[in-house]
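Me: Please pick one part of this protein and take me through it closely, then follow the chain outward from there. I work at the bench, so plain words and the cut-offs behind them would help.

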Amino acid sequence: MPKNLPIFLLCVCALMAQAQSSQQTQPKSGPAAQPGKTAPAQHSAPVPASPANATPVKATTLKFSTDTIDRTADPCVDFYQFACGNWIKNNPIPPDQSRWGRFSELQERNREVLHQILEEAAKPAAGRDAITQKIGDYYAACMDVAAIDSQGLKPLEPELARIRDLKDKAGLAGELAHLHRGGVPALFDFGSGQDAKNSGEVIAQADQGGLGMPDRDYYLKDDPKSVELRQKYVAHVQRIFELSGETPERAKTDAATVLRLETELAKASLDRVSRRDPVKTYHRMSREEFEKLDPDFRWSAYITDSGAPPFHSINVAWPDFFKAMAAEIQSAPLDDWKTYLTWHLLHSEASLLPTRFVDENFDFYGKTLTGATEQRPRWKRCVDFTDDQLGEALGRKFVERTFGAEGKERTLKMVDALEKALGQDIQQVSWMTEATKQKALVKLHAITNKIGYPDKWRDYSSVQIRRDDAIGNAMRADQFEFERQLNKIGKPVDRGEWEMTPPTVNAYYDPQMNNINFPAGILQPPFYDNQMDDAVNFGGIGMVIGHELTHGFDDEGRQFDAQGNLQDWWTPEDAKEFDKREACIANEYSSFTVAPGVHVNGKLTLGEDTADNGGLKVAMMALMERLGAQPQPKIDGFTPEQRYYLAFGEIWCENDREEALRLQVNTNPHAPAKDRVIGAVRNSAEFQKAFSCHAGQPMVSANACHVW
Ligand SMILES: [Zn+2]
């Protein structure tokens with residue numbers, strides 16, 4: 001699995017979160033799934049199959065421009081069309097992509113830089129440093145399709161044999177520990193994390209898991225689209241079994257077994273909206289209590305074989321899942337479990353297996369689920385796998401090439417301005433009492449900033465990377481990550497750690513750390529541009545910073561205090577007023593549709609929508625503070641206020657396939673790009689003033705929602 005994000009981590013963009021959506025979906029290429037963590041997308045930017053249809057990004061396009069504007073549109077009628085209409089018309093989705101937007105453009109450019117680094121690192125020249133050797137050989141092994149094809153399933157044979165040779169159900173525990181160590185996320189997740197109520201303590205964590213489709217709902221819903229997807233999933237599982245050498249009859253039976261077992265796990269899983277509530281996923285218990293949830297499962301064997309250090313306390317995100325798992329292990333025969341584990345092994349490694357597996361995997365997870373029509377070129381996938389698995393080794397080289405000290409400094413200045421603005425906003429809101437305001441300000445001032453890249457780079461020296469062993473490399477890198485996570489148990493929290501790699505075009509707020517994090521990858525045009533006026537930069541990276549800060553005070557973040565502990569610091573009246581305002585936002589976004597009858601789930605996207613609305617407001621306040629009372633000249637015919645909103649709209653310019661939108665509203669905590677822009681400006685009196693909109697126009701909400 002690609003890099004997994006902690007359960008509470010809140011980021012700005014859907015690219016990675018799309019990934020996040022599919023915790024159990026993704027075939028492997030990254031660290032093992034950790035409890036309560038989610039995996040990145042099926043490389044949300046699937047890409048071209050041949051250089052001919054590659055998607056080059058000209059450096060010149062990566063900056064704010066009024067060329068994106070559709071001047072025939074009225075900003076007060078459809079601001080998204082106004083800000084993005086021309087861009088949308090001129091930037092169709094490449095066949096290998098499920099969506100194409102300004103985030104993707106920058107992501108592509110960063111990927112090009114990584115590509116150059118890896119092509120050079122892959123040359124087996126004498127004198128390569130240790131980091132260059134690791135990333136270069138990892139990439140070279142991944143790119144060697146001829147070798148991978150000629151080996152067939154041989155590299156996986158020892159793993160397949162272990163499953164085949166299981167003698168009894170007592171052996172399942174040890175086998176699951178072994179698979180989890182190798183990055184195969186079967187049945188449940190196990191790892192470590194900060195205790196939600198004592199953020200200074202790292203304890204063991206166990207969570208639901210074990211599904212092959214992106215969410216429990218895909219197993220449980222009965223609308224025609226869900227039924228159709230389920231049929232296609234079973235057909236896909238069957239074909240993977242056939243490719244592994246089973247007869248069609250046997251493969252068909254086995255696929256039905258997989259669906260049956262996964263459906264039982266899905267029924268026992270907590271739904272995605274509930275999982276956003278940190279109270280619902282907090283069940284700290286002793287190790288003995290945990291083991292009693294499934295007394296027949298040999299937990300001692302699992303824990304010993306997993307390599308976890310001795311521990312006494314564990315958070316079980318959803319205990320009912322483990323009770324149901326106990327019943328299911330009891331009732332299904334051993335052979336069914338062997339089938340299930342074999343599927344998850346093949347599924348998890350599919351991206352690095354011979355071409356026939358890769359193509360079949362793309363057919364379901366790329367074509368069917370996201371609508372992409374062609375697979376991305378191999379090099380893009382291998383770049384992403386390297387980023388997923390050896391991310392801070394590759395990221396170190398990326399930073400050397402792209403990010404200077406001035407990048408850090410200018411970002412810190414923006415952060416200071418945004419923190420000040422949010423502080424003023426908190427003091428000004430009418431609905432909150434002084435007592436809660438003071439606590440909110442304490443929390444705001446306790447937020448720490450991480451900019452660009454880690455102070456201390458992760459040391460991969462213990463990971464053996466071989467030039468001729470793509471699958472082995474992936475499993476060893478996964479094992480490194482799994483061990484790294486488990487070794488945190490009982491140790492002091494590492495506050496310098498990053499959950500995203502430096503080239504990532506995204507940013508996040510971590511409520512348990514109470515910090516905001518901006519990878520080098522996003523601190524570039526069009527988000528931040530030295531050549532541009534303040535209005536454009538505040539509408540770009542300024543709004544992103546405001547978004548992340550506001551996450552500390554959204555429906556989820558507000559439940560954590562300044563120290564990152566799940567502890568209620570609100571008066572009951574203030575909490576009630578907050579909930580009332582949040583309900584307004586949830587209703588507003590739930591009214592948006594992405595396909596006939598398919599609505600945005602405003603409860604799932606509530607935290608992100610709150611952060612967008614708050615971020616847009618406080619970044620405007622910070623801009624006004626920066627510009628002062630002096631009248632500012634128009635640029636390109638627009639006032640600074642107008643350019644601010646245009647820059648905000650423009651970073652979300654995007655084309656999406658319907659399949660991708662359906663997947664997004666089912667699984668992603670971010671609303672589609674268009675709705676994020678329209679939802680926020682409809683609530684903004686400053687926007688309406690900037691474009692002289694009047695009551696009754698579509699971009700003026702009659703019932704504007706305001707939390708922050
Ligand atoms: Zn966010």
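Reply: Let's begin with strands S7 and S9, which run parallel and are joined by five bridges. One of the residues to find is Lys450, whose bridge partner in S9 is Asn517. Strands here are DSSP runs of E with at least two residues, and helices are runs of H or I with at least four, both numbered from the N terminus. A word on the source: this is a predicted model, in which local features need pLDDT of at least 70 and side-chain atom pairs count only at pLDDT 80 or more, while totals for chains, interfaces and linings use all residues. Residues are numbered from 1 along each chain as its sequence is written, and side-chain values use heavy atoms, with hydrogens and water left out.

Now widen the view to the whole sheet. S7 and S9 belong to an open sheet of four strands, in the order S1-S8-S9-S7, with mixed pairing. Its edge strands are S1 (10-11) and S7, each of which pairs on one side only; two strands pair if DSSP finds at least two bridges between them. In general, strands of a sheet pair through backbone hydrogen bonds, either parallel or antiparallel.

Next comes a helix that S7 and S9 help to cover. The buried residues of H19 are covered by elements including strand S7 (448-452), strand S9 (515-519), helix H20 (434-446), helix H22 (534-551) and helix H24 (606-627), where contact means heavy atoms within 4.5 Å. Among the buried residues of H19 are Arg410, Met414, Leu418, Glu419, Leu422, Asp425 and Ile426. Buried means under 20% relative accessible area, exposed means over 50%, and partly exposed lies in between (1.4 Å probe, protein chains only). H19 spans residues 405-428, and at 1.5 Å a residue its 24 residues should cover 34 Å; the end C-alpha atoms are 35 Å apart, which agrees. That expected span is 1.5 Å times one less than the number of residues.

Leaving S9 toward H22, you reach a loop that holds Pro526. The peptide bond from Pro525 to Pro526 is cis, with omega near 5°. Further along, between H24 and H25, the loop contains Asp636. Phi of Asp636 is near 55°, a positive value in a residue that is not glycine, and its relative accessibility of 48% makes it partly exposed. For background, most residues other than glycine have a negative phi, and most peptide bonds are trans.

Past that loop lies helix H26 (residues 658-667), where seven of the 10 residues are buried, so the helix is largely enclosed by the rest of the structure. The buried ones are Ala660, Leu661, Arg662, Leu663, Gln664, Val665 and Thr667.

The cysteines are the next stop. There are four disulfides in the structure, a disulfide being a pair of cysteine sulfur atoms within 2.5 Å. One of them joins Cys84 to Cys653, with 2.1 Å from S to S. Its torsion about the S-S bond is about -85°, so this disulfide is left-handed. Cys84 sits in helix H2 and Cys653 in the loop between helix H25 (640-651) and strand S12 (654-656), so the pair ties together parts that are 569 residues apart in sequence. Cys84 and Cys653 are both buried.

Another disulfide links Cys76 and Cys693, with the sulfur atoms 2.0 Å apart. It is left-handed, at -80° about the S-S bond. Cys76 lies in the loop between helix H1 (14-21) and helix H2 (79-90), and Cys693 in the segment after helix H28 (685-690), so parts 617 residues apart in sequence are tied together. Cys76 is buried at a relative accessible area of 3%, and Cys693 is buried at 13%. The segment after H28 also holds Ser692, which is exposed, with a relative accessible area of 60%. Ser692 has a positive phi of about 50° although it is not a glycine.

Finally, look back near the start of the chain. The sulfur of Cys11 is 6.5 Å from the closest cysteine sulfur, that of Cys13, which is too far for a bond. Cys13 is in no disulfide. Cys11 is buried, at 1% relative accessibility, and Cys13 is buried too, with a relative accessible area of 1%.
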